[in-house]
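Q: I am in my first year and would like to learn how to read one part of a model with care. Please take a close look at a single helix and its surroundings, explain each term as you go, and then add some further points from elsewhere in the chain.

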Amino acid sequence: MNGPNFFQHEPANPSGACHFTAEGIVAPIRIALKSPISTLAYAMAARLEQDLAARVTVHLEDSGFGVSHRPELPAAVVSRLLSSLNPFRLEVEHPLPPDTEAASDMIVRLGWGGGAPLPSIRWFSPTPDFGRSLLQPLADLGFNTLFQGKMCYDFNIMVFGNHLHPFTRGILPWVLRQQGIEVAVFSEDMRDDHEVALILADPTATSADDLFDLELRCDDPSVALDWADRGLAGYRTASGRKFPKPMFLLDLGPLAIPRFHLARLALERALLERLTALGVDPHAHPLRIRAKKKKALEPYRARVVAHLPIAAWKAGRLRPYAKEHPERFDVIVRTDEPASCADFVAELRANGYRVIEEPIASVAQAQSGFAIAWGSAARSARHQMQIKHLSLALDKKIRAPFSLKHQQDADSGPNVHIHLPFALAASGRLDHLAGKGFDLRIHFFKSKDGWEELIAALRAMGFNQTEVREGFEPDLPSSGNNHLEFGGAPLRLVEYIQSLVQKEGIPDLILDKRWPDMDNDLWVFLREHPKMVEASSVATQGAIQGTNRWTTDDAAATLAASDLWVEPEDWNAVVPLRLVDGSTVTLGEWALPRRSDVPAACPWAPDPPADGYCLDAPTLATLEFLAGAVALREPALLEGYTATSKTSAVLYLAALLGQPVLRLNLNGMTDTQELIGKPWPAEGGGWRWQDGAAPIALREGYWLLLDEVNLAPPQILERLNSLLERQPTLMMSEHDGRRIAGTAAHPAFRVFATMNPAEFSGRNLLSPAWRDRFLAYRHCPVAGEREYWELLTYLIYGEQPAVRWRQAWVQAEASASPPFADLRALPQLRWRLRNWARFHASMTHLTGQDGARSAQLAVRRKEKPVFSRRGLGAALGYLQRCIQDNPAWTAAPEALFARLLERYYLSRMASAEDRDTVRQLAVATELGAVAMVAPETAMEVPG
């Protein structure tokens, strides 16, 4: 290491003394800088002289790593010195003794101390020549630099082990900075704690076809060789050794990096043109694009992979994998009477389905009865509805008591299996299968005496489960009539059961379709048999003790006033709801284009909810309202109680559109720095300006979502007035006074705001002028009984509700993996969910959340308990945790729901009178009669 052994300027104070007064330093600070690297020492000395006006002496020696200074030196001076020595992070050691190094006020040591080994530097780069030239100065210092492979990342990264010497941590980014390279420095566990990994991005390489190889995984060697010779969009191509996946797939690899977006589009276009030239139908076999989500600090291999199963496609072995294509699965029709289903088979083939006919020769082969087993085809609402529609004429040919059942059979694979044993059913050899696929429960209000023949006849029909209950007392007089409740059971089977009951002398059995088609329960409620009726009247309802204010009649009146709803008269007329169609999202009359210019790795683009999104009627109305605001460029304000899908609706629409969202939760401490921006410490010292959410969203075309706007101070909101105009602008008066408007403002920018009603604690009244700027304003209603029941059903069974929307019945696609599917193990769960929804809606009403004029619960409390959708989700999680920890709970559902009532409802009541009210309501809904007993009994864990 050549050069003089000192570096100094003439001191401003020739006496050489550094004097301190109350006002500060009156002479230059004297610094001794010791380092074995001359270029580093002289550069740092010049910086210190400039930043601190210090007198610096350089000593080319290795004396370790750290800083020492005189005790009287001000802390502000030490802090400024440490900042000037960036990227070295030195620790201040013991102060210099008064008699040590008399010529210096501070000693700075930049070295290893003689004992630290130099680590090996493993480096990656898309272009090895680029990296070698940059790392030559490190090699000159004695570092061993090893090229590990061609990799690509968005920016330069240095990763080091936890035990790397602190001087090495600083010298590496410092040397790279001299070459014009800034690196982000990270520490993590590595195989060798003294090892260093460098990932270098070549900013001069903008042509992806020069950087990355294109690997063609093709099962047709002739096509692979031809495409490799001709090239694709200028890429170097090579044949891959691995077999392609069973679809046309482009694995982007490093092309997922935003700066290669144009190169990615060129490659996609070239692949589509080649596949189209071969005759590949893009509607049946579309080119899928996959961008792998990378872990933190994980670079991309400099390789793009194209999966091309061309030989399988030519041979007809590659099934269509587009979701709505009819040939993506086979329709297997098994029958013993082909003539009866010939028209049905012909219509299936006319609609594009591939039909395979198989014979049924024995009763053993007809154990499914008349059924359609959907398999994975159940995920496509379009095909399910279409095949159901075609099967209507077929269903009319089936004789009672049989019917065409719809089964969700996961073992059926991708195909649809249709079983039609016409001849065997006509011969009477399948009578024991008439009830297969359905569960029957018979409730006798008093006793089953006299009903023995009916019970035997129903058991002989082969229901999956036949349960008899007696001594059942109705909580409401209106529920004590003879009636039959059902869901997905066909009318032919229901009417057959009705005819059996009528033969016993009960002419007035009421049929009540109470549940959706996915529910396979049938519940028969019967009073005493006519021949067992006695002259004396029998009390039908016992008095409930311990009520001070509420009675059973009060609970009945509350339930009678709860929401009742209309369901489709013809479920086959329900059409699938498709919000996304290719590059367009359609909500009612609004068709919005999806964003195609947003990078796949954009952190602000919300992902669709992992467990889906329940699209009930209020939510669809809110989504359509928001879509109109987006199309008309109107700021939108959503007001409503907690958990009324205000924020989630905005994020869900953004996820459908691929639209990034910047979300701010406002509060009383919010200031303009969060919204507009603020000064921020710069990496090399000093300050830099950091934009806030508003200018970033306005420039980049993000949505700005302001949550709880009426918690923020009014003067802060008024600062955003210009953003709420039809042509939004923003004056950066806090920074440089520039104006973001016109072409500088992205056309996709929108503003959304949410708030709770002003009656909530801590809310501010918004000025009329500010509210008026939100041209799109909607009050989101509190959920009712129907919405609670639909949400519970969706979270457990994945079934989307059928919604009356724009003069038609629509239904979104079911969720394949609902979050609380484990709860299906609880017996009679659908019945309990219906009662739970009614109970929860009644609690909402009694606490005044639905706008009721006078609340009947917690009337003396200023802060009333809240019952919302969010509480239902928490309660479901509690139930699932209970049965996972102790499966014995599935055998004691009444006690389990009693625990739920205690935890999520009774525990929120402050007075004994209110708790009695909740108990009465629970009994009236048949949800938790066990809750009326002593707490220690109700809370007992089974098993």
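A: The account below begins with one helix, moves to the sheet beside it, and ends with a few loops and the nonpolar cores.

This is a predicted model, in which local features need pLDDT of at least 70 and side-chain atom pairs count only at pLDDT 80 or more, while totals for chains, interfaces and linings use all residues. Residues are numbered from 1 along each chain as its sequence is written, and side-chain values use heavy atoms, with hydrogens and water left out.

Helix 3 runs over residues 128-140, where helices (H or I, at least four residues) and strands (E, at least two) are DSSP runs numbered from the N terminus. From its first C-alpha to its last, helix 3 with its 13 residues reaches 18 Å, close to the 18 Å expected; the expected span is 1.5 Å times one less than the number of residues. Helix 3 nevertheless bends by about 40 degrees at L134, with the proline P137 following within four residues; the bend at a residue is the angle between axes fitted to the seven residues ending there and the seven starting there. Just after helix 3 comes G142, which takes a positive phi of about 110 degrees.

Which residues of helix 3 are buried? They are F130, G131, L134, L135 and L138, where buried means under 20% relative accessible area, exposed over 50%, and partly exposed in between, with a 1.4 Å probe and protein chains only. L134 is therefore both the place of the bend and one of the buried residues, by the cut-off just given. These buried residues pack against strand 7 (120-124), strand 8 (144-149), helix 4 (166-178) and strand 12 (196-199), contact meaning heavy atoms within 4.5 Å.

Strands 7, 8 and 12 belong to an open sheet of 5 strands, in the order 8-7-12-10-11 and with mixed pairing; two strands pair if DSSP finds at least two bridges between them. Strand 8 and strand 11 (184-187) are the edge strands, each pairing on one side only, and the twist averages 20 degrees from one strand to the next. Within the sheet, strand 10 (residues 157-160) and strand 12 pair in the antiparallel sense over 4 bridges, and M158 stands opposite L198 in strand 12. Helix 3 packs on this sheet, touching strands 7, 8 and 12, and its direction makes about 155 degrees with that of strand 7. Helix 4 also packs on the sheet, with a direction at about 165 degrees to that of strand 10. For such angles, axes are lines fitted to C-alpha atoms, for helices over the stretch in contact, and angles run from 0 to 180 degrees between N-to-C directions.

Elsewhere in the chain, the peptide bond from N86 to P87 is cis, with omega near 10 degrees, and P87 sits in the loop between helix 2 (75-84) and strand 6 (106-110). R633, although not a glycine, has a positive phi of about 60 degrees, and because its relative accessibility is 25%, R633 counts as partly exposed.

In soluble globular proteins, nonpolar side chains tend to be buried together. A nonpolar core is a set of buried Ala, Val, Leu, Ile, Met, Phe, Trp, Tyr and Cys residues joined through side-chain atoms within 4.5 Å. Of the 55 residues in the largest such core, V331 and L522 touch the most other members. Apart from it lies another core of 48 residues, among them L73, F88, V175 and L198.
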